[in-house]
Every structure is written in C-alpha cells, then in structure tokens.
Amino acid sequence: MTPTMAIKSPENTAKQLVLTVQDYSLFAWRAMGNLFRPPLYWTDFLQQSDIIGVGSASIVLLSGFFTGGVLALQSAATLAQFGAIAMTGRFVSLTMIRELGAVLTGVMVSGRNASSMASELGSMVVTEQIDAMRALGVDPMRKLVTPRIYACIAMLFFLTIVADAFGILGGGAVQVFLNHQNGTQYFSMAWESLRFPDIVQGLVKPIFFGYIIASIGCFYGMRTSGGTQGVGRSTIQAVVTSSVLIIFVDFLLTRLMLALFA
Amino acid sequence: MENATDHSAPQSAPAASTAPVVAFSGVSIAFDGPPVLDEISFSVAPGETRVLLGPAGVGKSVLLKLVNGLLRPDQGSIQLFGHEIARTPEEWLLPLRTRTGMVFQEGALFDSLSVRDNVAYQLIQERVPDEIIDRRVRKALRFVELEETFALFPSSLSGGMRRRVAIARALIRQPELLLYDSPTGGLDPVTSTTIIELIVKERDVYKTPSILVTHRLQDAFTLCTHRFDAAQNCMVPLPQGQTDPQTTFLMLNEGRMIFDGSLHQLLRSQDPFVREFLE
C-alpha cells in the first residue's frame, strides 16, 4: 500500500465517469436483451429468488414495521394540532404504499444484495472463475447476471408489498398502543383512502428498483480488478451507486406518475 | 524471431487432418500502454504439444487467453479449428470453446460446487443424464487419480489436487485442443512432477494438441524427454538423446516471439536471451 493517496485530476475523474456510464449502458442493454432470449437458467433463478426474497424478508419486514410506526408517531403529533388525528391511517398508508415501501425496500435490498452480488461475482473474476466459465462455453451474462435480474425484479415486487403491509401494521400498533386511538378507525382510514393510481405507483417502482439493484451489483462485480482489495471497492461502489440511483429514479418516476394520474 | 521449424508455412490445399489447430498471424495486444504481445505468429499442428516459455509477466497467459478468444487482439489474425476468431462475437465463440479444454493457473474451480459438479460443469449445462455424468466424471477423475474426491468441495483439496481436478474438468469432453496455463506454478517439485506426468499421459494416450505455458525449464524438459508407459502406468524417460518429436518450444521475451523450434534447436540457439534463460 502506498503511504500517500494519489489525487486524480478532474479531467481524469470526468473521463472515468463517462466511461463507467458508457460501460454500464452497454452492460444493461445486453442484460436487458438476455431477459427475453433463451437459454433461461430456471434453477439459478429459483436459487437467487430464495437468496434475495426469503433472505431479505426479515429485514424488510422489520424496517417496514418500524418506519410505519415512526410515521404514525410523527404525523399524529402534527395532525393532532389540527384536530385531525383520525387522518393518521390515511397518511401512513399513502406514504408507505406510494413512496416509502418501495424506496425503503429498494435501499434495504440494495445494501444486502447489490453488495453480495458485487462481492460474489468480483471474487469469481479475480479467481478466474468467470474466465473458466467462458472457457467451458457458458455465457456468464446469461448464467449469472440474467437470473439475478429476474429474481431481483420479482422478489422486490413482493417484498414491497410485505413492507407496505407491515408499515401500515406498525403505524396501527403505534396508533392503538401508544396514541390510544381506535384501531378500526385507523385501518378503515388507511384502506378507504387508497385509490388505484396509488397502488400502481407503489408497485411499478420496485420493478425499476429491482433492475437497478441487480444490474448495478452485477456490473460492478463483473468489472472487478485488483484482487481482494478490488472486490471490496466493487462492493462499496455497487451499494452506493444503486442506493443513489434508486432515489434518483424514484424522483423521476414519481414526477412521471403524478403527471400521468393527475 | 529465430524460426527453427516453419510452423506457419502456408500449405497448398491442406487436408482437414493436417491443417493447423491454432494459427496466429501478426497478433498484437496492448492494455493502456506498450504492447504486451507484438506481431506474434505461430501455429499448432494436430497432435503437437507446444511449450511456451518465458519469464514471468512476459504475456504468456495473455497469449493463451487469445487462443480461445477470452481476450481479443488489437490486430492480427487468430485461427482456431480453421475459424477466424479475432473479431468473432462472443456468442459465436462459446460453442467453439466447448471444443477446447483449459487449465487455469490456480485451477479456477467453482468453489460453491462439488468436485463432481466442477468436472461435470459442461455436461450439466448440456443436460446430460445424471448416471452418464457420474460415469464420465469418475472416468475423468480416475485419469488424474483422484476418484476419491468425487463428493468433496474444492476448499478441502490441496493446491496440487485442485490442478488435477482442473485437468479432469478440461478433459471430460475429450477436447480437440488443451491449454495449460502454468499448471505447476507455485507447487512443490513432487506435486509438479505428478502434474507433468498427467500432461505426458494425456499427450501420449489421447494425443490431443496442446499449448503449455510455463517458466519452469525442468517441467518443459521433462515433458520433452519422457513418454507415458501404459503397461507400467507411469512416465518413463526416453532413451538418451531422444526427445518427443511432437513436443516443441516457443519462447517469448518483451512481447515478441524469439524462438520457435525443437528442444535440440533450443539448446543450440545463439539468441542471447535464450542462452541467458537456459543458463
């Protein structure tokens, strides 16, 4: 390890950024094309679905529950000033379903799975296992990347539903046990305020987020270089990039859907 | 380049069996700097074993990865089984690669799969029935004398055993070309000899053309001066002064091919680098 860190010139940094965006675009385009062409590795898809879906269920469930609880705590305090504490259920359900359920699940799954994809594929790159796979006549893009993208999209969709449900439940628990409000009122407000566009908005987002998490995780994993240190670097880059991209794409999608359903 | 034998000489209407398995012509490649390989030309004839010598970091592994299209050259032509692969899309290369077997430097076994699944990797992708897979895996493992590792995972194998399993994986589909990337690198002398014995056995039993990358002269010389005795089931030295005519040498230095010829020609070479390398 060098004692001093080299400072990169802004020109080189900009060039590297443009090159990374270009490489990612090509990678994402290839990955997208492979989604609709055989061979599809169903066993790998099921295995990844188990790792991403079942493996992430507990963290998504807990984070959804407590986020709903916090939302109820914060909103109830403000709404009480206007004598509208009964609206807490509506506030929690709309916020969870339209926005927080998908984003929170995306960020949690990104932290858990984009990192694991980047480190797993990165380790395979540095130990020449990816080259070995290619030498054996198997396309790593189809064998490793495509099943992860499919599984991540499918599982994020269901995990978002779980996060939404437990978020509303968490809000209900706070409302009933801490704010001593009527549970039936909370849940009926939560249910009645929902409209079809709200559901669509909440369930379209995880499809995009799932694609982002898996494609970014695999992209950084597959371009790993520099041994074990490189694997660590790829893992960090995958988590940071996918988390930021999820929030950025969420902004774009929200703007688009609000315009569509206005 | 000192071209002792004319391996790349054009042949008039070659018969399929005599056409080179691999032919490089003016191949160059660079990675963000000066060329790693510069204007490389050579060929591998059917049944021929080519030992690629050179110091560490000279581009031997890069050359090997160019042979089956794992890397693409910046310029030049590479023919594999008569197909031009220098600019062929990856999708078209995949079926061509199934006709080759490659043994990587550290084995490159899939650590999440058992030895059985590693060796059978190609067969599993081709959906070959399980009982046929088991039979062929056992046969391949028996060849490298590691049948007892069938159900083990790579993490429980020693470095030498991992290389032997990698050889079994490369052999299972009876490839038409074998590529060995420093198969004895980092191994103790006894284990290295075991690996070289397996390569000699493969060469003399199946007669598969191959390219072997190494910087260890003793391995290269053993390969050339020994044959496999099926009756004794071991490697035996050839009579004094004799060498295997099908085993020839290439030497790389500073990105250029500086030698192409037999062991006798290598030993008589006047090239200063060759002399220094040999001494």
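**A friendly note on chains A and B**

1. With 11 C-beta neighbours inside 10 Å, B:Gln174 counts as exposed, because the cut-off for that label is 12 or fewer. Please keep in mind as you read that this is a predicted model. To find B:Gln174, look in the loop of chain B that joins α6 (159–171) to β8 (177–181). Its backbone deserves a glance too: the phi of B:Gln174 is positive, about 45 degrees, although the residue is not a glycine.

2. Now try B:Lys207, another residue with a positive phi that is not a glycine; here the value is near 55 degrees. Which two elements of chain B does the loop holding B:Lys207 lie between? They are α7 (189–206) and β9 (210–213). B:Lys207 has 13 C-beta neighbours inside 10 Å and so counts as partly exposed.

3. B:Gly57 is a good residue for practising with distances. Start from the loop between β4 (49–53) and α1 (60–67) of chain B, where B:Gly57 is found. Is B:Gly57 buried or exposed? It counts as exposed, because there are 9 C-beta neighbours inside 10 Å. Next, pick out B:Pro89, which is 32 residues from B:Gly57 along the chain. The C-alpha atoms of B:Gly57 and B:Pro89 are separated by 28 Å.

4. B:Phe81 sits in the loop between β5 (75–80) and β6 (83–84) of chain B. There are 15 other C-beta atoms within 10 Å, so B:Phe81 is partly exposed. Which residues does B:Phe81 touch, leaving out those up to four places away in sequence? They are B:Val21, B:Leu96, B:Arg99 and B:Glu176. You can also compare sequence and space with B:Val213: B:Phe81 and B:Val213 are 132 residues apart in sequence, and their C-alpha atoms are 20 Å apart.

5. Let us move to chain A as a whole. How many helices and strands does chain A have? The count is eight helices and zero strands, so reading from the N terminus you meet the order α-α-α-α-α-α-α-α. Along the principal axes, the C-alpha atoms of chain A fill a box of roughly 65 × 45 × 35 Å. Of the 262 residues in chain A, 44% are buried. If you take the contacts in chain A with a separation of 6 or more, 88% of them come from residues 24 or more positions apart.

6. Helix α1 of chain A covers residues 10–34, which is 25 residues. From its first C-alpha to its last, α1(A) reaches 36 Å, close to the 36 Å expected at 1.5 Å a residue. How many of the 25 residues of α1(A) are buried? The count is two, and α1(A) is hardly covered.

7. The next two points look at pairs of helices. Two packed helices are described by the angle between their axes and the distance between the axes. Take helix α2 (residues 42–81) and helix α5 (residues 140–178) of chain A: they pack at an angle of about 25 degrees, with their axes 6 Å apart. Therefore α2(A) and α5(A) are roughly parallel to each other, since angles under 35 degrees get that name. The crossing of α2(A) and α5(A) is right-handed. By class, the contact of α2(A) with α5(A) has 26 nonpolar, 12 polar and three charged residues.

8. For the other pair, find helix α3 (residues 88–126) and helix α6 (residues 183–192) of chain A, which pack at an angle of about 45 degrees, with their axes 7 Å apart. That angle makes α3(A) oblique to α6(A). The crossing in which α3(A) passes α6(A) is right-handed. On the α3(A) side, the residues that meet α6(A) are A:Thr88, A:Gly89, A:Arg90, A:Val92 and A:Ser93. Their partners in α6(A) are A:Tyr186, A:Phe187, A:Met189 and A:Ala190. The residues of this contact of α3(A) with α6(A) divide into five nonpolar, three polar and one charged.

9. Finally, look at where the two chains meet. In this contact, 11 residues of chain A are matched with 14 residues of chain B. Which helices of chain B each supply at least two residues of the side that touches chain A? They are α2 (90–97) and α4 (121–125). By class, the side of chain B that touches chain A has eight nonpolar, four polar and two charged residues.

Methods: Residues are numbered from 1 along each chain as its sequence is written. Chains are lettered from A and ligands numbered from 1 in the order in which they are written. This is a predicted model: local features need pLDDT of at least 70, side-chain atom pairs count only at pLDDT 80 or more; totals for chains, interfaces and linings use all residues. Axes are lines fitted to C-alpha atoms, for helices over the stretch in contact, and angles run from 0 to 180 degrees between N-to-C directions. Helices (H or I, at least four residues) and strands (E, at least two) are DSSP runs, numbered from the N terminus. Angles under 35 degrees count as roughly parallel, over 145 as roughly antiparallel, 65 to 115 as roughly perpendicular and the rest as oblique. A crossing is left-handed if the near helix is turned anticlockwise from the far one by less than a right angle, and right-handed if clockwise. Two residues are in contact if their C-beta atoms, placed from the backbone, lie within 7 Å. Ala, Val, Leu, Ile, Met, Phe, Trp, Tyr, Cys and Pro count as nonpolar, Asp, Glu, Lys and Arg as charged, and the others, Gly among them, as polar. The expected span of a helix is 1.5 Å times one less than its number of residues. A residue is buried if 20 or more other C-beta atoms lie within 10 Å of its own, exposed if 12 or fewer, and partly exposed in between; C-beta atoms are placed from the backbone.
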